[in-house]
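Me: I'm just getting started with protein structures, and I'd like a close look at one part of this one. Could you pick a part and walk me through how it sits in the rest?

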Amino acid sequence: MNGPTIVCLCGSSRFKDAFDRANMEETLPGRIVLSIGTTRRSDQELLEAGDLTAEQKKGLDALHLQKVALADEVLVLNVGGYLGESTRREVARAIQLVKLVRWLEPPTLDDWTAVYANLE
């Protein structure tokens, strides 16, 4: 592998602090970090405020899957053990592409079952 490791952060956009912290912790050792589009407000907050449409949300989810494909590894920000639908798809995609998957908190058997249910 040439150059810095590329890490894609995956997790619920509601965990703004976790994204900010992980971005810094991954960047300081020299990794390139790919992340969600914004940490100012969660996708759900943007949807509820009318600042994001359901179609745009689908587009953002598809874009994040592309970020997973570009990355060398994925860091799952499963704060409090939360693993949402989009994140399950992203982890499943990383597994399909044989990417290293790291977790903020140890995954449970239920987490792995949910991820593997998303494998195509």
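Reply: Let's start with a word we'll need: a residue counts as buried if its relative accessible area is under 20%, and as exposed if that is over 50%. Keep in mind that this is a predicted model.

The part to look at is helix 3, residues 54–70. At 1.5 Å a residue, its 17 residues should span 24 Å, and the end C-alpha atoms are 25 Å apart, which agrees. Its buried residues are Lys57, Asp61, His64, Lys67 and Val68. They cover an arc of only 110 degrees around the axis, so they lie on the same side of helix 3. That fits a general rule: an α-helix has 3.6 residues a turn, so residues three or four places apart point the same way. Now look at the face turned away from the buried side of helix 3: there you'll find the exposed residues Glu55, Lys58, Gln66 and Leu70.

Val68 leads us further in. The largest nonpolar core has 13 residues, and Val68 is one of those that touch the most other members, along with Cys8, Val74, Val76, Val91, Val101 and Trp103. Strand 1, strand 3, helix 4 and strand 4 each give two or more residues to this core, and the largest share, three residues, comes from helix 4.

Strand 3 is worth a glance too. Both of its faces are covered, with Glu73, Leu75 and Leu77 buried on one side and Val74 and Val76 on the other. Strand 3 pairs with strand 1 in the parallel sense over five bridges, and four bridges join strand 3 to strand 4, also running parallel.

Notes. Residues are numbered from 1 along each chain as its sequence is written. This is a predicted model: local features need pLDDT of at least 70, side-chain atom pairs count only at pLDDT 80 or more; totals for chains, interfaces and linings use all residues. Side-chain values use heavy atoms; hydrogens and water are left out. The expected span of a helix is 1.5 Å times one less than its number of residues. Buried means under 20% relative accessible area, exposed over 50%, partly exposed in between (1.4 Å probe, protein chains only). The arc is that of the directions from the helix axis to the C-beta atoms. A nonpolar core is a set of buried Ala, Val, Leu, Ile, Met, Phe, Trp, Tyr and Cys residues joined through side-chain atoms within 4.5 Å. Two strands pair if DSSP finds at least two bridges between them.
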